Amino acid sequence: MRQEVLMKMLKMAGLALAVTLAGCGSDSDNHDAPPPATAKKNVLFFLGDGMGITTLTAMRIFEAGEAGSITIDTLPETAFVRTYSADGQVTDSAPSMAAYMTGVKMKNEVISMSTGTNAYAPDGSQYVDADGNSTCEEGNGASVETLLELMKGQGFATGVVTTTRVTHATPATTYAHICNRNGENTIAAQMVPGGDGFNAALGDGVDVMLGGGRRHFLPADQSGRRTDGRNLIEEMQTAGYQYVDSTDALMGVADDTEKLLGIFTSSDMSYELDRIPTQEPSLAEMTGKAIDLLSPRDNGFFLMVEGGRIDHALHATSGKRALTDGIAFDNAVKTALEKMEEIDPGLENTLIVVTADHDHTLVINGYAERTGKTTEDHAGVLGMVRNYANGPNKGEPRTDVDGNPYTILGFGNGPNRPATRVALTETQTAADDYLQEAVIQLSSETHGGGDVFLGAVGMGADVFHGVIDNTEVFGKIKAALDLD
């Protein structure tokens, strides 16, 4: 009766009702539910692991030629990002991605912890055992909130997609906290709702998780690396997750599925050059499926997508695999742009950010004539430096001081440094398994310290410009979302 009188009074005053009164008095039913997001906004954060500016340039030439463009080139708002860590001029993936996700500088190999956290004990040993279990000491730093946790806590759906192990450094920074990135068994346990070691800040868990790394979910007697006997895949299924392990199974998942775990390989997923499509989905396919699952949710979503094996190929100085994985990453960005334009025309409520966590030592040697794009019968940027000048030597290979030709792509360090350089052919340098030459011989190539590119489009994208620190990205995304 009181409600009817109140409604008559409001109408008589010419006021518009903004709330429905029928449900008044039932505020005790949802104490455990996260507060609803203020608007249906979306954030898609793309991370090309190791995709420094030289790599990005080489990707463009490889795919479209010097004057062409790839999808990343079309992003309207751009910035340069400084990537140094709390203790390193050259960062590793853990603190650089964590800086994007938390706004906090941390030391190399630390995952989403406070600045003073140490990845190594005073004796120089890592805080992790040989099986991948964390041995972090109590009092060694504190957890810092991640963007995924923040958005999950405010009612957004969340997803993580990667071509590495889902417990690897980049994806781990979104949902886990650990003093040393190599404790991947411990990281996996932080993902399992209700399980021992679960990260309670994830609420009911990350909604969509796709990538590799099955070995950290299974016990040793089931071809895994866990020493606690737990089968985390079964535990996640008990917690309500649908589990898939092949392309067909992923593509067959209904779009109204609430929780999805897709793990397609024991360790990292295959390089795009080596991927068997029926067994492992592409990064674009995983990205598209994640959007299909997350976009119908009531309060918007956060999705992190990593092209993680770009980095691995660069560490191996495998130029062809690095660029092929780079273009697979670019195709995932293209898929996301197309899907989100259909869902949110003009991206008025969607922010898409594309960047890298760090550089590598890849170089593009001079002075090469333009090659155009790489094809099956044309090496392109994977070939030799050839003379651009007019005259009888135009198009002929340029040579080093000993008269040997050299490749367009090279590395500052890495495994292939022959004691004596010999003449190479483009058939050799464009082969799948060719490793570019390095100046300094190391068993594995290192990261580089150069700034990286950031491109953005959509809601609030215009805040990304100039030269910024990686820690600033977190705050800029929060501002675009109007999050506290």
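Q: Which cut-off makes a residue buried?
A: The test uses relative accessible area, with a 1.4 Å probe and protein chains only. Over 50% counts as exposed, and in between is partly exposed. Buried means under 20%.

Q: Is His312 buried or exposed?
A: This is a predicted model: local features need pLDDT of at least 70, side-chain atom pairs count only at pLDDT 80 or more, and totals for chains, interfaces and linings use all residues. Residues are numbered from 1 along each chain as its sequence is written, and side-chain values use heavy atoms, with hydrogens and water left out. The relative accessibility of His312 is 14%, so His312 counts as buried.

Q: Which residues is His312 in contact with, leaving aside its neighbours within four places in sequence?
A: His312 lies in helix 10, residues 309–315. Helices (H or I, at least four residues) and strands (E, at least two) are DSSP runs, numbered from the N terminus. Contact means heavy atoms within 4.5 Å. Beyond its neighbours within four places, His312 touches Thr164, His168, Asp268 and Tyr271.

Q: What is the strand order in the open sheet of 10 strands?
A: Two strands pair if DSSP finds at least two bridges between them. In this open sheet the pairing is mixed. Its order is 5-6-4-3-7-1-8-14-2-15.

Q: Which strands are left with one side without a neighbour in that sheet?
A: Each edge strand has a single partner strand, so one side of it has no neighbour in the sheet. The edges are strand 5 (242–244) and strand 15 (467–469).

Q: By how many degrees are neighbouring strands of this sheet turned against each other on average?
A: Axes are lines fitted to C-alpha atoms, for helices over the stretch in contact, and angles run from 0 to 180 degrees between N-to-C directions. For this average, direction is ignored. Neighbouring strands are turned by 15°.

Q: Which residue stands opposite Phe80 in strand 15?
A: Strand 2 (residues 77–82) pairs with strand 15 in the parallel sense, over 3 bridges. Across from Phe80, in strand 15, stands Val467.

Q: At about what angle does helix 13 run to strand 15?
A: Helix 13 covers residues 470–481. The helix lies across strand 1, strand 2, strand 8, strand 14 and strand 15. Against strand 15, helix 13 runs at about 95°.

Q: How many residues of strand 7 are buried?
A: In a regular strand the side chains alternate between the two faces of the sheet. In strand 7, Gly300, Phe302, Met304 and Glu306 point one way, while Phe301, Leu303, Val305 and Gly307 point the other way. Strand 7 is mostly covered, and its buried residues number 8 of 8.

Q: Which residue of strand 7 does Val43 stand opposite?
A: Strand 7 pairs with strand 1 in the parallel sense over 8 bridges. Strand 7 also pairs with strand 3 (residues 157–165), parallel again, over 6 bridges. There Thr158 stands opposite Phe302. The strand 7 residue opposite Val43 is Phe302.

Q: Which are the edge strands of the open sheet with the order 10-11-12?
A: This sheet has 3 strands and mixed pairing. Strand 10 and strand 11 (residues 409–414) pair in the antiparallel sense over 3 bridges. Each edge strand pairs on one side only: these are strand 10 (362–364) and strand 12 (438–441).

Q: How many of the 12 residues of helix 9 are buried?
A: Helix 9 covers residues 283–294. Its buried residues include Leu283, Met286 and Lys289. Helix 9 is mostly covered, and the count is 10.

Methods:
Expected span 1.5 Å × (residues − 1).
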